Amino acid sequence: MIIISDMLQFLLFLAAFITLAYILGKYFDSVFTGKENILSRIIGPIEKYTYKLLGVNSTKQMNWKEYTWALLLLNGLGLVLLVAMQLLQNLLPANPEKLPAVGFWLSLNTAISFVTNTNWQAYAGETTLSYFVQMFGLTVQNFLSAATGIAVLLVLIRAIGTRKGEDLGNYWVDMTRAILYILIPLSIVMAVFLVSQGVVQSFSSYAHVTTIEGAKQVIPLGPAASQVAIKQLGTNGGGYFNANSAFPLENPTYWSNFFQVLSIILIPGALVFMFGFMLNSKKHARIVFGVMLFLFVAGVAVSYVSEMSGSPLYKGTVLMEGKEVRFGVFQSILWSVATTVASNGSVNAMHSSLSPVSGLICMLNMQLGEIIFGGVGSGLYGMFLFILLTVFIAGLMIGRTPEYFGKKIEAAEMRWVMAAVLIPNLVVLLFSAAGLYLRDGLAGIANPGPHGLSEVLYAFSSAANNNGSAFAGLNANTNFYNILTGMAMLCGRFGVIVPVMAISGSLVKKNIAPVTSGTFRTDTLLFAFLLTGVILIVGALTFFPVLAIGPGLEQLLMYLGKTF
Amino acid sequence: MKRTILQSCKFLLLFTLVLGGVYTGLVYAAANVFFPRKAQGSLVTSNQMLAGSELIGQGFSLPQYFHGRPSVITNNPMPSGGSNLGLTSLALHDSVQAREKSLVKNGDQVPGGAVPGDLVFSSGSGVDPHITTASAMLQVERVAYARHCSVEQKSAIQRLVEKNTESNFPWLGTNTYVNVLVLNMNLDKLQETWKK
């Protein structure tokens, strides 16, 4: 019975996801191609006024270097501002708990984390950050980092679809539209719905209560709903409270959970449809969406079976460690897969306490590069790297110059593709090795045995792929981990964005070759198989050895009844 | 270059105000107009004193109350969180066995019977407000005994558990659970009516 009910829940989830993603995809297309849409009457004037205030000439086009510079500058300044806010927290208003200033390395780590859309959290929200920093620092970067992802994706789409010199759009216009037309309206709807379920949105100081049995309890409050909405929608994932969406005031009911987990992959899914509309290639978009959906459903299936089959150490007992009763096993597993395929990283159950194979699925999802729906914008531009790789390999096999949308893929592009694919992988493996070799790295490990290895591997897989979830037993608030995960997050974000921008700069200048009978088609099932194969082979070759001695070994030892 | 720096500064400043201030404020206004109690944390009072939040689990250990999920932060969410112990952890195994023993000792569990996962494994938030209805039913006997209930009163407690049961999909009958704090407060009210 429970399995049937879980399957029905999954079908309901998938149906809601695909329908909403399609509708939104159509809307996104209208926003970015300047067509009339349902919100343009209201937001149009606000948009124009924003450009006036900022002194932006909305018709001015940028080439790839100008665009990249603008992007890096805004991100850099955002980082500096966010560090400053945390260092000066004690002097700033809206701090009813009188929380002290945050230390330098922790505030740097947190700032990098939110600017790069990672939202790795070495701090605990309720005991570290004031309402001011959460609102004006973190909430703002939740929006800006998601909008930046969309902006980079738009550049790439324009580069593929057009041929007009070097023009790739205007960064300020793309950011403004993404925020005003997409992120704010969706977040407002989501936030108010969340409050209706019980998520707090309060500026009062924490409630000090005396429980029914007479114990003292402190109940943390804050403007959480507004931040949780964008945290889910923008694939950010940084919890307002330490336990993230396991905390009842952040995720109180089944339905708050349903829509929170849906929001994780909603915009990334919608962007795939948008891409189909914008390039007038719906069939190709459906193929890409299908590959993502297949990998997602496969992940949920494997993880669910592993979790439900339990452990011989706890025969017949439902594995509820680190889970919440209102979600149960299925919603916890669904979330763990959704949050790791998308670079969200929020959790509604503690991943460290999942069965080893479920933990392995989480890690593999991140290590594949956050491209199964992936982060807002970053998921699809990451997927493009694999599409180009597939097109290239297919071209080599049949001995033709590879083409994508009629644009020739040549050595220059492939060099950037390889850089973008390899940088995060290299960072994961090298930094994990450092963590497992150096005393400072080993000192943070909480669980002995193979699970300890998984903690370190998980941390760097999460940081370098801008996910942000953790095997949270690891004590990551040390200088060693704050500095190394900070570097990993920067490499994983900008080590992919810059190559993608460079590829766009090169593609936009190329002629569009006409489709002939010899063209390798990218809207067929054959292409879907090839793409899936390339993704899995690159991921598998890089990470299988270390996954085998981490979660793989742990699962086997668990079956033998071994504890550490 | 200089122009771009200036542009970035202006953009960051404007959107810090719009997203941090206007957006958060709009949500605050809507939330506190339409759902004032929920926006402020669903707090509950007992004898005119703040007694907790409906959504935040409390530690119950007295025999006359239903007991909630084990918590590794003793139900004090400063900060919230779980054990993060892996399934091959010896520490986890030891605590589960200890919890199982105390369940048997309290009479909440039949020795050798199925072990209720929610009562031996600690929650993710440390303040899970719910337990499954089945786990609540296991405790009815003890609660009724501690409150010196008659047979009718004991079945009244059972009905109270049923009445407080929530379900994600009522028509499927799976995932049924009760809010422990609300149940216990209702239980105290129920006993008041018996005294009259």
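What share of the contacts in chain B with a separation of 6 or more comes from residues 24 or more positions apart? The figure legends below take this up, then move from the whole chain to a single residue.

**Figure 1. Contacts and burial in chain B of a predicted model.** Residues 24 or more positions apart supply 57% of the chain B contacts that have a separation of 6 or more. Of the 196 residues in chain B, 42% are buried.

**Figure 2. Overall dimensions of chain B.** Along the principal axes, the C-alpha atoms occupy a box of roughly 80 × 50 × 35 Å. The radius of gyration of chain B is 23 Å. For a compact globule of 196 residues, a value near 16 Å would be expected.

**Figure 3. The two assigned domains of chain B.** Domain 1 covers residues 2–38. Domain 2 covers residues 46–195. Their C-alpha centres are 41 Å apart.

**Figure 4. Secondary structure of chain B.** Seven helices and five strands are present. Their order along the sequence is α-α-β-β-α-α-β-α-α-β-β-α.

**Figure 5. The loop that holds B:His148.** Helix H5 (133–146) precedes this loop in chain B, and helix H6 (151–163) follows it. B:His148 has 9 other C-beta atoms within 10 Å. The cut-off for an exposed residue is 12 or fewer, so B:His148 counts as exposed.

**Figure 6. B:His148 and B:Gly86.** Along the chain, 62 residues separate the pair. In space, the C-alpha atoms of B:His148 and B:Gly86 are 42 Å apart.

Key. Residues are numbered from 1 along each chain as its sequence is written. Chains are lettered from A and ligands numbered from 1 in the order in which they are written. This is a predicted model: local features need pLDDT of at least 70, side-chain atom pairs count only at pLDDT 80 or more; totals for chains, interfaces and linings use all residues. Domain bounds come from an automatic or database domain assignment. Helices (H or I, at least four residues) and strands (E, at least two) are DSSP runs, numbered from the N terminus. The radius of gyration is taken over C-alpha atoms; the globule rule is 2.2 Å times the number of residues to the power 0.38. A residue is buried if 20 or more other C-beta atoms lie within 10 Å of its own, exposed if 12 or fewer, and partly exposed in between; C-beta atoms are placed from the backbone. Two residues are in contact if their C-beta atoms, placed from the backbone, lie within 7 Å.
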